[in-house]
Amino acid sequence: MPIQTPICDFGQKAHDFKLKSTDGKILSLADVKGEKGTLVMFICNHCPYVKAVTKDIVEDCKKLKDIGINSVAICANDAENYPEDSFDNMIEFSKKNQFGFPYLVDETQEIAKTYDAVCTPDFFGYNKDLELQYRGRVRELKKLIPVRDGDSDLLKAMTQIAETNKGPENQIPSAGCGIKWKTN
């Protein structure tokens, strides 16, 4: 059963990271910082929900980049138990879907644990000062397809952050299946 996962208070500085990207570069949060904001996504390749909404996530990220918000995807990798999340498969997954943003692997899952993220999609939005302003997820139906009534809630929230430096008061709780390391 999905659970809501807590995260640091809004306005708190983002947790930094140094992770390997699918093109072999080592990137930190500063390296992927956007001019007006940054979106961090935790993605698991094996998750059927992620596969169902990948196209919409990519479209939203392209729109956000146009207004100065960069996106980065982090895979909470567990290649031993989930071959789909192996680094080689991540490269194929990102190429196949033509991701226009860094796709990173956290081989130890320490970054995901630091954010208290679980099996995704978990979304963390930061303003230009890398302070947390949004925590939520894409809406979906029981059939694992996104609700598309114009721009997504995620896109609207990040646009608001860019314009006002503060995210929406009402945010969609982020929930994950907790099938990896999260047990409670």
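Strands β4 and β7 are joined by six bridges and run antiparallel, and within this pairing F42 has D122 of β7 as its bridge partner. The model in which this pairing appears is a predicted one. On the other side of the pairing with β4, β7 is joined by four bridges to β8, again in the antiparallel sense. Two pairs of residues mark the register here, since Y126 has L132 of β8 as its bridge partner, while F123 stands opposite G136 in β8. The two strands form a hairpin with four residues between them, and L130, which lies in the turn, has a positive phi of about 60°.

Strand β7, which covers residues 122-127, is largely enclosed by the rest of the structure, because six of its six residues are buried. The side chains can be followed in two sets, with D122, F124 and Y126 pointing one way from the strand and F123, G125 and N127 pointing the other way, and every one of these residues is buried.

These strands belong to a wider sheet. Seven strands form an open sheet whose order is β3-β2-β6-β5-β4-β7-β8, with mixed pairing. The edges are held by β3 (26-28) and β8 (132-136), each of which pairs on one side only, and the twist from one strand to the next averages 30°. Strands of a sheet pair through backbone hydrogen bonds, and this can happen in either a parallel or an antiparallel arrangement. Both senses can be traced around β6: four bridges join β5 to β6, and these two strands run parallel, whereas β2 and β6 pair in the antiparallel sense over two bridges. In the parallel pair A73 stands opposite Y103 in β6, and in the antiparallel pair the bridge partner of S21 is L104 in β6. Strand β6 is covered on both faces, with Y103 and V105 on one side, L104 and D106 on the other, and all four of them buried.

The helices can now be placed against this sheet. Helix α2, residues 87-96, lies across β2 (18-21), β5 (69-76) and β6 (103-106), and its direction is at about 160° to that of β6. Helix α4, residues 153-164, also packs on the sheet, where it touches β4 (37-42), β5, β7 and β8, and its direction makes about 15° with that of β7. In total the protein has four helices and nine strands, which follow one another along the sequence in the pattern β-β-β-β-α-β-α-β-α-β-β-α-β.

Strand β5 also offers a view of the interior through a single residue. C75 is placed in this strand, and the residue counts as buried because its relative accessibility is 0%. Leaving aside residues up to four places away in sequence, C75 touches I43, C44, D85, M90, L104, V105 and D106. A further relation links C75 to A112, which is 37 residues away in sequence, with the two C-alpha atoms 8.5 Å apart in space. For the protein as a whole, among contacts between residues at least 6 apart in sequence, 75% join residues at least 24 apart, and buried residues make up 51% of the 184 residues.

What remains is the empty space that the fold encloses or leaves open. A search of the whole structure finds two cavities of 30 Å³ or more, and the second largest cavity has a volume of about 30 Å³. Its lining consists of I43, V50, T54, I57, F93 and F99, which by class amounts to five nonpolar residues, one polar residue and no charged residues. Helix α1 gives the most to this lining, with three residues.

Helix α1 has a part in an open space as well. The second largest pocket has a volume of about 180 Å³, and of the 13 residues that line this pocket, K65, S71, G100, F101 and P102 are the closest to its centre. The elements giving two or more residues to the lining are α1 (48-66) and β5, with α1 giving the most, at four residues. The lining of this pocket divides into seven nonpolar, three polar and three charged residues.

How values were computed
Residues numbered from 1 in each chain as written. Predicted model: local features only at pLDDT ≥ 70, side-chain atom pairs only at ≥ 80, totals over all residues. Heavy atoms only, no water. Pairing = 2+ DSSP bridges. Axes fitted to C-alpha atoms, helices over the stretch in contact; angles between N-to-C directions. Contact = heavy atoms within 4.5 Å. 1 Å grid on protein atoms, 1.4 Å probe; cavity = no way out; pocket = protein on both sides within 12 Å on 5 of 7 lines; lining within 4 Å. Points joined across faces, edges and corners; volume = space filled by probe spheres on them. Nonpolar A, V, L, I, M, F, W, Y, C, P; charged D, E, K, R; others polar. Buried < 20%, exposed > 50% of the residue type's maximum accessible area, 1.4 Å probe, protein only.
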